Amino acid sequence: MRSGAHASARSSLRTIVIGAVIVVLLAGGAYAGYLVGAREPAPVAAPSPSPCPTLGALWIPPGCPTPTLSPRPLVVHVQDAMPGAAVGERLTLRVRTVVPGGDCVTHTIGSIRVYWSDCPSWQRNGVDVYFFYVEIYNELARPAIIKLANFSIETRGSGSAYPAVSLAGESTAPIAFFPDGGTVPVNAKRGGLVAFDATIDFIPFRLSYFDGRQTMSIRFEGDHAIAQT
């Protein structure tokens, strides 16, 4: 009986050991499979198309912002040669030809009558200036503010710049001068004489107006001469 009992015990122990080995092998295989699966990269979902259209679409779904163009960068200095116009974002600058005659000397640059000088009626009062006839056009949808102090003249050669001189208050015809300040109505222009100190003679190269954001300039190109009256 003892040998039979020992044999039965050994058989049961063998069954338990074999079962434990099978469990360990199965668990190890599952863990190895988990590790292998963990090393594989996760699939990346393709990006879904944007529900909102881009610029140029014929229909904008509700809730989508209206596509717009990026703002155009501001050109800080626009210029042209006389008789052209310097067209800015807010204002346009022109220098008009002057009419020969009177007691002033008329100067031409590139055969264009550009300015007056040596006016005896002013020189008698100790005023020696160059006179240009200038116009400012308003490109805005509202009145534009203008200031005589925003004008300047640049000389040929040295590149020196001089501000405008206010003479309307000393003239017998102040309406002929560009105003010291004021506004230009919508789709309108203001024009008048703009004077620059000419105590030291110079040949003008460029007349400019600064509107607070941009500088508009008119260049004077060509040979300088005294117009024949």
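**Entry 1, F151 and the cores.** I began with F151 and listed its contacts (heavy atoms within 4.5 Å), leaving aside neighbours within four places in sequence: L93, V134, I136, Y162, P163, A164, F178, V194, F196, L207, S208 and Y209. I note that this is a predicted model, in which local features need pLDDT of at least 70 and side-chain atom pairs count only at pLDDT 80 or more, while totals for chains, interfaces and linings use all residues. Residues are numbered from 1 along each chain as its sequence is written, and side-chain values use heavy atoms, with hydrogens and water left out.

I then looked up the largest nonpolar core (a set of buried Ala, Val, Leu, Ile, Met, Phe, Trp, Tyr and Cys residues joined through side-chain atoms within 4.5 Å), where buried means under 20% relative accessible area, exposed over 50% and partly exposed in between, with a 1.4 Å probe and protein chains only. This core has 32 residues, and L93, F132, F151, L207 and F220 touch the most other members. At least two residues each come from β3, β5, β6 (129–138), β7, β8 (151–155), β11 (189–197), β12 (204–210) and β13 (215–219), the strands being DSSP runs of E of at least two residues and the helices runs of H or I of at least four, both numbered from the N terminus. Strand β6 gives the largest share, four residues. Another core, of 13 residues, lies apart from this one and includes C119, V127, F131 and L167.

**Entry 2, the disulfide.** Taking a disulfide as a pair of cysteine sulfur atoms within 2.5 Å, I found one, joining C104 to C119 with S to S at 2.0 Å. The link of C104 and C119 is right-handed, with 120 degrees about the S-S bond. C104 sits in the loop between β3 (91–96) and β4 (105–109) and C119 in the loop between β5 (112–117) and α2 (120–123), so the pair ties together parts 15 residues apart in sequence. Both C104 and C119 are buried.

**Entry 3, strand β7.** In β7 (residues 144–147) I read A144 and I146 as the covered face, and I145 and K147 as the uncovered one. β7 pairs with β10 (residues 181–184) in the antiparallel sense over four bridges, where pairing asks for at least two DSSP bridges between the strands. The bridge partner of I145 in β10 is T183.

**Entry 4, P83.** Is P83 buried or exposed? P83 counts as exposed because its relative accessibility is 58%. I placed P83 in the loop between β1 (77–81) and β2 (86–87). Beyond four places in sequence, P83 is in contact with R94 and I112, and its C-alpha atom is separated by 7.0 Å from that of V95, twelve residues apart along the chain.
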